[in-house]
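Biologist: I should like to go through this model with you, one feature at a time. Please give your reasoning with each reply.

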Amino acid sequence: MLANIRIVLVQTFHPGNIGASARAMKTMGLTDLVLVNPRCFPDPEASRLAAGAEDVIDNARVVGSLAEAVNDCVQVVGASARLRSLPLPHFDEPESMARELIANADDPVSLVFGRERFGLTNDEIRCCSHQVSIPANPDYGILNLAQAVQVLAYEAFKAWRRQPDSGYRHPRPSEERQPTREQLQHFHEHLGRVMRHSGFLTQPHARTETQLQALFARAQPSRKELSLLRGLLRSLEPDTTDSSDRS
Ligand code: SAH
């Protein structure tokens with residue numbers, strides 16, 4: 001579905017903006033980049049600013065007109081900071097645009113961005129089925145081209161992620177994995193043993209142990225942190241500790 005969302009850049013002047021747009025796309029899972037008459041492409045500056053998204057640049061297609069770039073699309077949304085008097089449906093909120101775009105993205109759809117100096121011409125806007133504006137400071141509301149790509153690509157990604165069948169799961173580094181209840185219980189038993197051995201607890205002292213359990217419940221140690229604490233406890237135990245204690 002994200003593969004069907006095409007980013008079209010019309011007559012981009014600075015190759016660096018093409019690279020930065022490719023990077024913005026890749027961070028949001030988009031891959032289909034079409035360039036309409038770029039001033040200078042390929043260009044080392046584009047590759048430099050792509051910074052890891054060179055594959056998007058390498059697979060970009062260059063075409064001679066906006067019509068050629070979007071003819072196979074079922075929805076074509078022109079991004080424009082300025083309201084035009086053209087009678088095209090207009091999205092004031094990128095979020096509602098993105099919801100509709102995703103709903104249509106079983107077929108190719110496009111987001112079209114204009115030139116750095118003067119945006120899209122009226123003829124190019126006529127090639128679009130919709131327009132969208134990114135709400136911004138009324139006194140200074142024109143974003144850099146690649147940043148406009150980033151904002152709309154992010155909205156598309158968010159709308160896609162909300163789909164129940166997207167299968168998206170927030171990537172969690174393994175160090176952040178939470179311990180199981182059993183691992184936590186073993187840790188507290190281990191802590192209790194060490195406290196008793198050291199003489200810190202002289203009698204069954206449920207309250208202290210409950211307070212410590214509450215402290216660790218708030219801290220939410222990760223598995224990695226918990227095993228660090230277990231190592232610390234082991235280093236405090238007398239060597240004679242029965243290995244069956246080391247659950
Ligand atoms: N100087 C141009 C704008 C160039 S910015 C003008 O006045 O139209 C390059 C492109 O970024 C624009 O053509 C548009 O596609 C996109 N863009 C920049 N700011 C935007 C905004 N607030 N909303 C939607 N698109 C925007």
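**Domains, helix packing and backbone geometry**

Modeller: The centres of domain 1 and domain 2, taken over C-alpha atoms, are separated by 54 Å. This is a predicted model.

Biologist: Which residue ranges does the domain assignment give for domain 1 and domain 2?

Modeller: The ranges come from the domain assignment of the protein chain. Domain 1 is given as 2–161, and domain 2 as 176–238.

Biologist: Are helices α1 and α7 roughly parallel or roughly antiparallel?

Modeller: Two packed helices are described by the angle between their axes and the distance between the axes. For α1 (residues 15–27) and α7 (residues 145–162), the axes lie 8 Å apart at an angle of about 15°. Angles under 35 degrees count as roughly parallel. Therefore α1 is, with respect to α7, roughly parallel.

Biologist: How many nonpolar, polar and charged residues has the contact of α1 with α7?

Modeller: From α1, the residues Asn17, Ala20, Ser21, Ala24, Met25 and Thr27 take part, and they meet Leu145, Ala146, Val149, Gln150 and Ala153 of α7. By class, the contact of α1 with α7 has seven nonpolar, four polar and no charged residues.

Biologist: What is the handedness of the crossing of α1 and α7?

Modeller: The axes of α1 and α7 make an angle of about 15°. The crossing of α1 and α7 is right-handed.

Biologist: How is α8 placed with respect to α9, oblique or roughly parallel?

Modeller: The axes of α8 (residues 181–198) and α9 (residues 206–219) come within 11 Å and cross at roughly 135°. Roughly antiparallel would require an angle over 145 degrees, and roughly perpendicular one of 65 to 115. The crossing of roughly 135° therefore makes α8, relative to α9, oblique.

Biologist: How many charged residues does the contact of α8 with α9 have?

Modeller: Phe187, His188, Leu191, Gly192, Met195 and Arg196 in α8 meet Glu209, Leu212, Gln213 and Phe216 in α9. By class, five residues of this contact are nonpolar and three are polar, while the charged residues number two.

Biologist: Is serine 222 buried or exposed?

Modeller: Serine 222 lies in the loop between α9 and α10 (223–236). Leaving aside residues up to four places away in sequence, serine 222 touches Glu175, Glu176, Arg177, Gln178 and Pro179. Because its relative accessibility is 6%, serine 222 counts as buried.

Biologist: Which class of accessibility applies to asparagine 122?

Modeller: Asparagine 122 lies in helix α6 (residues 122–126). Its C-alpha atom is separated by 7.9 Å from that of leucine 86, 36 residues apart along the chain. At 39% relative accessibility, asparagine 122 counts as partly exposed.

Biologist: Which two residues are joined by a cis peptide bond?

Modeller: Most residues other than glycine have a negative phi, and most peptide bonds are trans. Proline 42, in the loop between β2 (32–36) and α2 (44–50), is one partner in a cis bond. With omega at about 0°, this cis bond joins phenylalanine 41 and proline 42.

Biologist: What is the phi of glutamine 11?

Modeller: Glutamine 11 lies in the loop between β1 (5–10) and α1, and at 37% relative accessibility counts as partly exposed. Its phi is positive, in a residue other than glycine, with a value near 45°.

Biologist: What is the phi of alanine 51?

Modeller: Alanine 51 is found in the loop between α2 and α3 (54–58). At 42% relative accessibility, alanine 51 counts as partly exposed. Although alanine 51 is not a glycine, its phi is positive, at about 40°.

Technical notes
Residues are numbered from 1 along each chain as its sequence is written. This is a predicted model: local features need pLDDT of at least 70, side-chain atom pairs count only at pLDDT 80 or more; totals for chains, interfaces and linings use all residues. Side-chain values use heavy atoms; hydrogens and water are left out. Axes are lines fitted to C-alpha atoms, for helices over the stretch in contact, and angles run from 0 to 180 degrees between N-to-C directions. Helices (H or I, at least four residues) and strands (E, at least two) are DSSP runs, numbered from the N terminus. A crossing is left-handed if the near helix is turned anticlockwise from the far one by less than a right angle, and right-handed if clockwise. Contact means heavy atoms within 4.5 Å. Ala, Val, Leu, Ile, Met, Phe, Trp, Tyr, Cys and Pro count as nonpolar, Asp, Glu, Lys and Arg as charged, and the others, Gly among them, as polar. Domain bounds come from an automatic or database domain assignment. Buried means under 20% relative accessible area, exposed over 50%, partly exposed in between (1.4 Å probe, protein chains only).
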